[in-house]
Each structure stands twice: as structure tokens, then as C-alpha cells.
Amino acid sequence: MSDVKAAITAVGGYVPDYVLTNKILESMIETNDDWITSRTGIKERRILKLPHQGSSFLGIKACEDLFSKATTRPEEVDLVIFATATPDMQIASSAAFLATEIGAVNAFSFDLQSACSGFLYGMSVASSYIESKKYKHILLVGADKMSSIIDYTDRSTSIIFGDGGGAVLFSANEEGLGVQDEILRTDGAGRQFLKIDAGGSLLPASEDTVKNKQHFVFQDGKTVFKFAVSKMADVSEEIMLKNNLTVKDVDWLVPHQANKRIIDAIYKRMDIDSQKVLMNIQRYGNTTSATLPLLLSDYEKQLKKGDNIIFTAFGGGFSWGSIYLKWAYNS
């Protein structure tokens, strides 16, 4: 077992200026504020309106926020991992572009795609690289421009998703702080319930796929809801049991921000105090790969060195998991 752990030493976040409120959505689709709030907990979401800017822009801005506070400089970063479900373009790595733009000139980089679980899986990858002792500093970015793949005439998805970016810096730690354990899972049977039909190798883009709106997100909400609640709660309870943690030992639960009803169901099933649950879905909606780092960015000042934190997420694939981490610094 390695005596080096991967600790988070800095965080950053960014959301676009434009606020898409429930009131604005009322003028676009058949819905209203009460209906959206009661079913999702979302009041508003941020949308990237700037022309010719993709998910990398959101990630770059989050990194700029991070490095404005970090003692580590971009050129000291060994690896950049970019978790995103909406890369700028196919083939050309968004991570490579981001790394160059922020000045991480000595890092190698790659994209990681696992929908809403992408950032959680990225935490596992970053931790493994650092525990191998090959690298000391790894920048993990989660950013998605979900507005680029949402049909704003579809009430089932347009009310849920928003754009945003977050970033965390993992560094080698010998105090026992950082990532302690993980449980990660996938089930390909869930592929049909949360997907984009066209644009991949299975169904390349064509005039018909565009006409049929097959390049937008499809979600079977009831099925995804049921799976998300059970799977996220299962792995969170399992990782606590595996590490002999009681609900009193857990300082914070950091859940993926998909739906407030999902979050409520998870912490109630785990019997965790609601005051220990980080939540910002009401302001941002579901930003997919960005939800977990945006939570850390928003709540950074409340996190204390040594705090026990349980992360959990659920995404397309299906993919899900939980990570147990000890916080490494006082803001």
C-alpha cells in the first residue's frame, strides 16, 4: 500500500453570466416555475452564450480561478484530465487545448468521458497516478456546455441541464489526507435510457438525423431517477461500511446534482443530516461533469482540514460510484 495519497490542494469554478430562469422557460415551453421546482428543485441554470466557445472555455475559466488561489503554478502540473461529455470537437483533444491555454506546458493530457460520473472517475484516475509516485500534481477539470446538446422544445431535458466548469488540483500528500477509498460501477444495460442517438460511429450524422433531432439528449426520467437513487445510496453506504464510518463520522456528502428529489432521497436513506449535504442545483441545474467541482468551489470556505467527505455520482452508461476523501486544507 502506498504511503502517498492524492489530496485536493486547490479548487476553482466558473459559470457563465447568462441566467436561464424558470420564468424564461415558461415563455419557451409548456411549464411553470412551481412545476419545475417541485420536480427538480431547480430555479435557474447558466448558459454559455458567447459565440465560438465550447466546454474548454468553461474549463479554462475554472482553472484560472483555481490558479489565482493555488501555490502550485500551471507549469508544475504533470497531467491534465478533462472530464466532459461535450468536448469542443471530435478527434482533437479538448484537454490538450485547455492545458496549452492555461500554461500547463509540462503536462500531458487527455479527455475522460463517462457522462455525469466523469469527474468522479477522474478522481480515481488522478489518485492512482499520484499513488504510483510517478506524478506529484494533477489537474482534474470537469466542464460541460450542455446547452449545445439540449432540445429547448423538450420539457423533459431543457429544464434540467445547465453549463458550467470546475477544477481541482490533486497533489501528493504524506499526512494521510486525500483519497482514501473508492467504489466504482457500470452497467451497459442502461445505455438505452440516457443517450444521444446520432453523431457517433453507430449512427453518423446525416440530414435525417438532424431533421429527427437525434443529436439531442434523450432521457427516460423515471428509469434514471430510480436507478440513480438506489445505486448512489448503495455505494455511499457500502464505502462507509467498508471504512468503518458512521453517519457521525461523515462531515460532508457531495452528491452529483441531477435532481433535488434524488439528492433528498439519498441522504434520507443514508440517515445523514441535511446540513451535511452540499447542494447548488437550485442555481445551476445539472452541469454534468462540473457538478462535483462546482460544489467544492462554492463550499470551499466551509471545508476544514481532516473533514471526511463522501462523493457520489450517477451518469449515462449507466455509470456510478462513490469516493471517500479526507480534506487537506483550511481555506
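Reader: In this predicted model, is Asp-251 buried, exposed or partly exposed?

Author: Asp-251 sits in the loop that links α8 with β11, the strand formed by residues 252-255. A residue counts as buried under 20% relative accessible area and as exposed over 50%, with partly exposed in between. The relative accessible area of Asp-251 is 28%, so Asp-251 is partly exposed.

Reader: Leaving aside residues up to four places away in sequence, which residues does Asp-251 touch?

Author: The distance to Val-19 gives a sense of scale, since Asp-251 and that residue are 31 Å apart in space from C-alpha to C-alpha, with their positions 232 residues apart in sequence. With residues up to four places away in sequence not counted, the residues that Asp-251 touches are Lys-276, Gly-306, Asp-307 and Asn-308.

Reader: Which residue in the loop between α8 and β11 has a positive phi although it is not a glycine?

Author: Most residues other than glycine have a negative phi. In the loop between α8 and β11, there is a residue with a relative accessible area of 68%, so it is exposed. Its phi is about 55°, and the residue is Asn-244.

Reader: What is the phi of Lys-133, and where does this residue lie?

Author: Lys-133 belongs to the loop between α5 and β6. Its relative accessible area is 54%, and as the cut-off for exposed is over 50%, Lys-133 is exposed. Lys-133 is a residue other than glycine with a positive phi, and the value is near 70°.

Reader: Which peptide bond is cis, with omega near -5°?

Author: Most peptide bonds are trans. The place to look is the loop between β12, residues 308-315, and β13, where Phe-318 lies. With omega near -5°, the cis bond is the one from Gly-317 to Phe-318.

Reader: How is the sheet that contains β13 and β11 ordered, and which strands are at its edges?

Author: This is an open sheet of four strands with mixed pairing, and its order is β8-β13-β12-β11. Neighbouring strands of this sheet are turned by 15° against each other on average, when direction is ignored. Pairing on one side only marks the edge strands, which are β8 (178-186) and β11.

Reader: In β13, what is the bridge partner of Leu-184?

Author: Strand β13, residues 319-326, pairs with β8 in the antiparallel sense, and eight bridges are found along this pair. Within that pairing, the residue of β13 that partners Leu-184 is Gly-321.

Reader: What is the strand order of the open sheet of five strands?

Author: Each edge strand of this sheet pairs on one side only, and the edges are β1 (5-14) and β5 (108-112). From one strand to the next the twist averages 20°. The pairing is mixed, and the order is β1-β7-β6-β4-β5.

Reader: In β5, which residue is the bridge partner of Phe-82?

Author: Strand β4 covers residues 79-83 and runs parallel to β5, to which five bridges join it. Phe-82 has its bridge partner in β5, and that partner is Asp-111.

Reader: At about what angle does helix α5 run to β6?

Author: Helix α5, residues 118-131, lies across β1, β4, β5, β6 (137-145) and β7 (163-173). Relative to β6, the direction of α5 is at about 170°.

Reader: At what angle and with what distance between their axes do α8 and α9 pack?

Author: Two packed helices are described by the angle between their axes and the distance between the axes. Helix α8 (residues 221-242) passes helix α9 in a right-handed crossing. Their packing angle is about 35°, and the axes of α8 and α9 (residues 260-270) are 9 Å apart.

Reader: How many nonpolar, polar and charged residues does the contact of α8 with α9 have?

Author: On the α8 side the contact includes Phe-225, Val-229, Met-232 and Met-240, and on the α9 side it includes Ile-262, Ile-266 and Met-270. Among the other residues that meet there are Asp-234 and Glu-237 in α8, and Arg-261 and Arg-269 in α9. By class, the contact has ten nonpolar, two polar and four charged residues.

Reader: Why can the protein chain be called as compact as a globular protein of its length, and what is its radius of gyration?

Author: The protein chain has eleven helices and 13 strands. For 331 residues the globule rule gives 20 Å, and the chain is close to that value, so it is as compact as a globular protein of that length, with a radius of gyration of 19 Å.

Key
Residues numbered from 1 in each chain as written. Predicted model: local features only at pLDDT ≥ 70, side-chain atom pairs only at ≥ 80, totals over all residues. Heavy atoms only, no water. Axes fitted to C-alpha atoms, helices over the stretch in contact; angles between N-to-C directions. Helix = DSSP H or I, 4+ residues; strand = E, 2+ residues; numbered from the N terminus. Left-handed = near helix turned anticlockwise from the far one by under 90°. Contact = heavy atoms within 4.5 Å. Nonpolar A, V, L, I, M, F, W, Y, C, P; charged D, E, K, R; others polar. Pairing = 2+ DSSP bridges. Rg over C-alpha atoms; globule rule 2.2 N^0.38 Å. Buried < 20%, exposed > 50% of the residue type's maximum accessible area, 1.4 Å probe, protein only.
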